[in-house]
Amino acid sequence: MSSRRSRSTSPAFSATRTTSTTSTPSASMSSTISAMDVSGGGATNTSKRDISQLSTSTAPYFCLERSLLQTPQQRLSKNFRNTQKLAEKHLQTIVRQSDKHLQQHRKRPLSRAQCVKALQQYSSSLSKLASKLSSLQEHDIGIIDEIHSRLIHLDEVDPANPNALLSSASTSTATSSELSSTADNSLSLQRWEEIRLQRLLVEYMYRDGCHRSAALLAKEVNIENLVDSTVYAHARTVISALEQHSCSSALHWCAAHRSNLRKLENDLEFELRSQEYIELVRKNSVAEAIAYARQHLSPHSASRLSSLVRLFGLLAFARSNALSHSDPSHPYQDLFSDERYIRLISLFQIANYRVHGLALDPQLSIFVRAGLSALKTPDCASGTTHNKRQQQKREDDEEGRGGGSVRGEEEPSERSLNQNCPVCSKQLGLVAEDLPLAFKQNSSLVCRITGRIMDVHNPPLVLPNGNAYSTEAIDAMGSVIVCPRTGDTFERSALTKAYIT
């Protein structure tokens, strides 16, 4: 779907915002990328114009492409925090060791060999720290390369006014250079939109679980730096563990993103701890369950008291078989249901998307629904009704009742559906069923045969049965006019010209 349909004039998400007084990855990202020149595959300053001016030229698209820059920025910020914690931890250890040696030296002077041994320990600790920091730096460079590639991708075409050259070159006074520039701009924008569609497809496949196909498509079209494969790969590992009824990977993920989850007020970690407690109760490990609850669940007593009361009630049934027969009427049976893991997977996916700045729904689905809503009219309701009837007919056939129409509603025929309307199609009709109608102040008549607008230059002609078609379509039929909807035939003289006011 072409991105020209929706344009926003709202303030853009600026990747070069530097209003903060502290030096953070998000504040200094653009200056780092612009000045960076790493040999051997690193990021290079190859943009056609200064990247600091990117937010001005691509402002209308930033409302749709925010996650393209926000997601790697979140990863870069997380890596920065990990680097800071690692450096502080090692340096504090070295400082404590040095203070200990100084105190020993004041009480009793250390020998030369002891001093050399202490310095060797400091050197060894610093070498390990340098090695770990070097690994983290390489990770940072990889993320910065991704951000740089995405900035260049957004800067390839100026989408603020992509039709400016097209409108100027359409005049009869256009020069050959203007025509050439118009063609180049049109091809460049078309190529940019093709890459964008491929990104949306790759993202949709990642979210749908088709990781291998998504990776192959991204590699084939060379957009690996434009998709967040790392985020989905880590999510796949956690989801696979949850499907195997293991919460360890998800809890490790929560520990790595605890600060973000706390800001989002997300309860994923509490739900995971509750599930591990339930598993201990299921195994009749009462002592371990009580110890686990005291350590991990008791801190949530102020905010989740009602949930904790219900969880602790499980201990009364731990040594009985009251829950082993899957009695659906039992008040605690749902806690032992396997559907809890399905819910945990859903909660993790939501938390993962929010932590990394991704939309809860795939962008492809959002764009498709937006386009269908822009095209949907009251006449398109027959398309969704047709899909509902077909689905009901299949269900009736499976149950042996035989298909039938809903009372009081007329079954639309195949010919009554506009074959050129995506909303009326069988494939997209169900998607558009719950979408709002398009807001249009001025309606336009479209010929069902040619698909072109009927206006004063192509006026509609009304058949005696009440159906109207464009003059262009009627002229193509000849002297005998056949209504494509009903199959009735009429003479050309029986048609009446309609006037649009």
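These exercises work through a predicted model of one protein chain.

**Exercise 1. Survey the chain**

Task: Find how many helices and strands the protein chain has, and what share of its residues is buried.

Solution.
- Step 1. Start with secondary structure. The chain comes to 19 helices and 7 strands.
- Step 2. Turn to burial. The chain has 501 residues, and 37% of them count as buried.
- Step 3. Look at contact range. Take the contacts with a separation of 6 or more; residues 24 or more positions apart account for 66% of them.

**Exercise 2. Check the confidence**

Task: State the average pLDDT of the chain, then locate stretches where pLDDT stays under 50.

Solution.
- Step 1. The average pLDDT is 77. A score of at least 70 is reached by 71% of the residues.
- Step 2. Residues 1-58 stay under 50 in pLDDT. The model still has 94 contacts for them beyond four places in sequence.
- Step 3. Residues 159-174 also have a pLDDT below 50. This stretch has 22 contacts in the model beyond near neighbours in sequence.

**Exercise 3. Classify the packing of α12 and α14**

Task: Decide whether α12 is roughly parallel or roughly antiparallel to α14, and name the residues that make the contact.

Solution.
- Step 1. Identify the helices. α12 spans residues 268-282, and α14 spans residues 305-312.
- Step 2. Read the geometry. The angle is about 10 degrees, and the axes are 11 Å apart.
- Step 3. Apply the cut-off. Angles under 35 degrees count as roughly parallel. Therefore α12 is roughly parallel to α14.
- Step 4. List the contact residues. α12 supplies F270, S274, Y277 and I278. α14 supplies S307, L308, L311 and F312.
- Step 5. Sort them by class. The contact has 6 nonpolar residues, 2 polar ones and no charged ones.

**Exercise 4. Classify the packing of α9 and α10**

Task: Work out how α9 and α10 cross, and which residues make the contact.

Solution.
- Step 1. Place the helices. α9 covers 229-243, and α10 covers residues 248-256.
- Step 2. Read the geometry. The axes come within 7 Å and cross at roughly 140 degrees.
- Step 3. Apply the cut-off. Roughly antiparallel needs an angle over 145 degrees, and roughly perpendicular runs from 65 to 115. So α9 is oblique to α10.
- Step 4. List the contact residues. V238, A241 and L242 come from α9, and S249, A250 and W253 from α10.
- Step 5. Sort them by class. There are 5 nonpolar residues, 1 polar residue and no charged residues.

**Exercise 5. Inspect two loop residues with positive phi**

Task: For H245 and N284, give phi, the loop and the exposure class.

Solution.
- Step 1. H245 is not a glycine, yet its phi is positive, about 65 degrees.
- Step 2. H245 sits in the loop between α9 and α10. Its relative accessible area is 38%, so H245 is partly exposed.
- Step 3. N284 is also a residue other than glycine with a positive phi, near 65 degrees.
- Step 4. N284 lies in the loop between α12 and α13, the latter covering 286-297. At a relative accessible area of 40%, N284 is partly exposed.

**Exercise 6. Test for disulfides**

Task: Count the disulfides, then explain why C424 is in none.

Solution.
- Step 1. The count comes to 0 disulfides.
- Step 2. Check C424. The nearest cysteine sulfur belongs to C421 and is 3.7 Å away.
- Step 3. Apply the cut-off. A disulfide needs the sulfur atoms within 2.5 Å, so C424 is in no disulfide.
- Step 4. Add the accessibility. C424 is buried, with a relative accessible area of 6%. C115 is partly exposed at 32%.

**Exercise 7. Link positions far apart in sequence**

Task: Find the C-alpha separation for R66 with L358 and for S248 with R273, then find what Q363 touches.

Solution.
- Step 1. R66 belongs to helix α4, residues 66-107. R66 is partly exposed, at 42%.
- Step 2. R66 and L358 are 292 residues apart along the chain. Their C-alpha atoms are separated by 8.7 Å.
- Step 3. S248 lies in α10 and is partly exposed, at 44%. S248 and R273 are 25 residues apart in sequence, and their C-alpha atoms are 9.7 Å apart.
- Step 4. Q363 is found in helix α16, residues 363-375. Its relative accessible area is 11%, so Q363 is buried.
- Step 5. Leave out residues up to four places away in sequence. Q363 then touches L64, S67, L200 and E203.

Technical notes
Residues numbered from 1 in each chain as written. Predicted model: local features only at pLDDT ≥ 70, side-chain atom pairs only at ≥ 80, totals over all residues. Heavy atoms only, no water. Axes fitted to C-alpha atoms, helices over the stretch in contact; angles between N-to-C directions. Helix = DSSP H or I, 4+ residues; strand = E, 2+ residues; numbered from the N terminus. Contact = heavy atoms within 4.5 Å. Nonpolar A, V, L, I, M, F, W, Y, C, P; charged D, E, K, R; others polar. pLDDT = per-residue confidence, 0-100. Buried < 20%, exposed > 50% of the residue type's maximum accessible area, 1.4 Å probe, protein only.
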